[in-house]
Structures are given as structure tokens and as C-alpha cells.
Amino acid sequence: MAASITQSGQTAAGWTLRDTLLFITFITFITETETVFIIFIIFIILMYTVLFLLCGALTPALCCDWFNHQFRHLNGESLKLLQQMGDQLTEAEDSPVAFSYRLYERMRNTQVEESQLRFIRDSLQLIFDLYRHGNHSSVTWDTDKSERFLIQTHRQIEELNQCFSTERHVSVKLRKYYKRLSKSTVERMGGSAASWELIRQETAHHLEQLDLLVASMASRRRSRRPSAVSVTTSRRRSAASVSSRRRSAASVSSRSR
């Protein structure tokens, strides 16, 4: 009987030790697994951070590539839709607000391309808001072409938004100009057809000026890029200079002998 009890106790003690060892092994495994998991999570976070920074750096370049090849075409289409959605545009009546030629001149002269891109985006956004939130039921514009004009304008805004990693407020002077334009035409004239035709006339001027701005940006970018001819000429001159120096060195060496 005593031997049986002792054997049972040893068996129980043996299972207890084994369970303890298994428990310790399990805890060690869990700890190591958690450590690996934490390291993996940190790695993923670092990778996403690097990708985010790279996207912030590459997006403007990709956007500018789209801008160079597509913007002037889309802007031309917008201008065509603007002209076709109503009667022929005329200069029969002057705008009560002086056109913002100085703003465009300042943008053409600036060396910071991002500022120019922001100006173009902000101008299109203010034009879009002017038509989208205004009540132009007094005019008999072509509905389809009017909607397509807004869709085209909004598409350009969205594409340009991809150029910037941070958002900035619209230029105060630009915003004030469009506010004065709206007050002096649509609000003062009670949203009449004549007031909206003035808005359409001024919008056409703005789209034309934006096209000129983009053309000047492209011209400046081309002038900064060395041509193949100039690079070849520079290389030839460099090679000729090296050859001349070698001949001079050889001549001096032969005389010294």
C-alpha cells in the first residue's frame, strides 16, 4: 500500500515537473514570437514611412510630367467648351473689375515652379467655385457643354492637387480679386444674363493667361536643359584641350632630352 502511494506521488511529481518544463518552453516560445512580431511591425512601419517620403518626393515630378504633356490640351478644351456653351464672346461691355494682369506677370517672373503650379490650381478652383455655387439660371447656356466645362476644370484641379504634399491657403490677392469680380457682376446685377456673360468673358481671359503662363514655364524649363549640340561641342572642346596639353607636354619632354 505504501509503495503504491509512493509510486503514485512520484508519478504525480514527475508530471508536475514535465508540465512546468512545458509551460516554461511555451512562455519562452510566446516571448520570442512576440519579439519577432514586434520587430516585424516596426519594419512594416519603417517601410511605410520610407514609401510615404518617397511618394512625397516623386509625386511632384510625376505630376509635372502630366502637367507638361496634358495641361495645355485640357485647358484648350476648357476654353473651347466655354466659348461654345453660349453665344459668341464679345468685348461689348468692360468688366467693372480690372483684370489681374499683375498677378500673372508676377507668376511668369517667379523662379519657383511650385508657386506657379499652386497659382494655376488656385485660379482654376476659384473659377470652378464661381460657376458651381452661382445661380446662372438666367442664361440659356448649353447644359451639356456647361457641365463638361466644369468636369474638365475639376479634373485639372485634382491632377494639380497631386503635385503638393502639403496644403496651403489660396493667395489673399487672388481670392480678393475673384470676390470683387463676383460682387461687382453677379451680385450687383442680380444674377442677370449680362452679369454671367461678363463672368464668362473674364473666365476666357483667365484661361488664355494661364496658357501663356504654362508656355513660359515650359520655355524656361527648356532653356535650363543643355541641348545635345552644346553638350557635344563642350565634349569636343574638352577633348581638344586635353590633346593640346598632351602635345605640349610631349614637346617639352623631347626638348629636355
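User: In this predicted model, what makes helix α3 (residues 113-132) and helix α4 (residues 143-161) roughly antiparallel to each other?

Analyst: The axes of α3 and α4 come within 9 Å and cross at roughly 150°. Angles over 145 degrees count as roughly antiparallel, and α3 and α4 are therefore described as roughly antiparallel to each other. As for the hand of the crossing, α3 passes α4 in a left-handed one.

User: Which residues of α3 and α4 make the contact, and how do they divide by class?

Analyst: On the α3 side the contact is made by Leu 117, Ile 120, Arg 121, Leu 124, Gln 125, Ile 127, Phe 128, Tyr 131 and Arg 132, while α4 contributes Glu 147, Phe 149, Leu 150, Thr 153, His 154, Gln 156, Ile 157, Leu 160 and Asn 161. By class, this contact of α3 with α4 has ten nonpolar, five polar and three charged residues.

User: Why is α2 called roughly antiparallel to α3?

Analyst: For α2 and α3, the axes come within 9 Å and cross at roughly 150°. Set against the cut-off, under which angles over 145 degrees count as roughly antiparallel, that crossing makes α2 roughly antiparallel to α3. The crossing in which α2 passes α3 is left-handed. Leu 103, Tyr 104, Met 107 and Arg 108 of α2 make the contact with Ser 115, Gln 116, Phe 119 and Ser 123 of α3, and by class these comprise four nonpolar, three polar and one charged residues.

User: How do you know that α3 and α5 are roughly parallel to each other?

Analyst: Helix α5 (residues 172-187) packs with α3 at an angle of about 25°, and the two axes are 10 Å apart. Angles under 35 degrees count as roughly parallel, and α3 and α5 are therefore roughly parallel to each other. Here α3 passes α5 in a right-handed crossing. The contact is formed by Phe 119, Asp 122, Ser 123, Leu 126, Ile 127 and Leu 130 of α3, together with Leu 174, Arg 175, Tyr 178, Leu 181 and Ser 182 of α5; its residues divide into seven nonpolar, two polar and two charged.

User: What space lies in the largest pocket, and which residues are the closest to its centre?

Analyst: The largest pocket holds about 240 Å³ of space. It is lined by 13 residues, of which Met 107, Ser 115, Arg 118, Phe 119 and Ser 171 are the closest to its centre.

User: Which helix gives the most to the lining of the largest pocket, and how does the lining divide by class?

Analyst: Both α2 (101-109) and α3 supply at least two residues each to the lining of the largest pocket, and α3 gives the most, with five residues. By class, the lining has five nonpolar, three polar and five charged residues. Among the residues named as closest to the centre of the pocket are Met 107, Ser 115 and Phe 119, which also take part in the contact of α2 with α3.

Terms used. Residues are numbered from 1 along each chain as its sequence is written. This is a predicted model: local features need pLDDT of at least 70, side-chain atom pairs count only at pLDDT 80 or more; totals for chains, interfaces and linings use all residues. Side-chain values use heavy atoms; hydrogens and water are left out. Axes are lines fitted to C-alpha atoms, for helices over the stretch in contact, and angles run from 0 to 180 degrees between N-to-C directions. Helices (H or I, at least four residues) and strands (E, at least two) are DSSP runs, numbered from the N terminus. Angles under 35 degrees count as roughly parallel, over 145 as roughly antiparallel, 65 to 115 as roughly perpendicular and the rest as oblique. A crossing is left-handed if the near helix is turned anticlockwise from the far one by less than a right angle, and right-handed if clockwise. Contact means heavy atoms within 4.5 Å. Ala, Val, Leu, Ile, Met, Phe, Trp, Tyr, Cys and Pro count as nonpolar, Asp, Glu, Lys and Arg as charged, and the others, Gly among them, as polar. On a 1 Å grid over the protein atoms alone, a cavity is a set of points where a 1.4 Å probe fits but cannot get out, and a pocket is an open set with protein on both sides within 12 Å along at least five of seven lines; lining residues have an atom within 4 Å of a point. Grid points are joined across faces, edges and corners, and a volume is the space filled by probe spheres set on the points.
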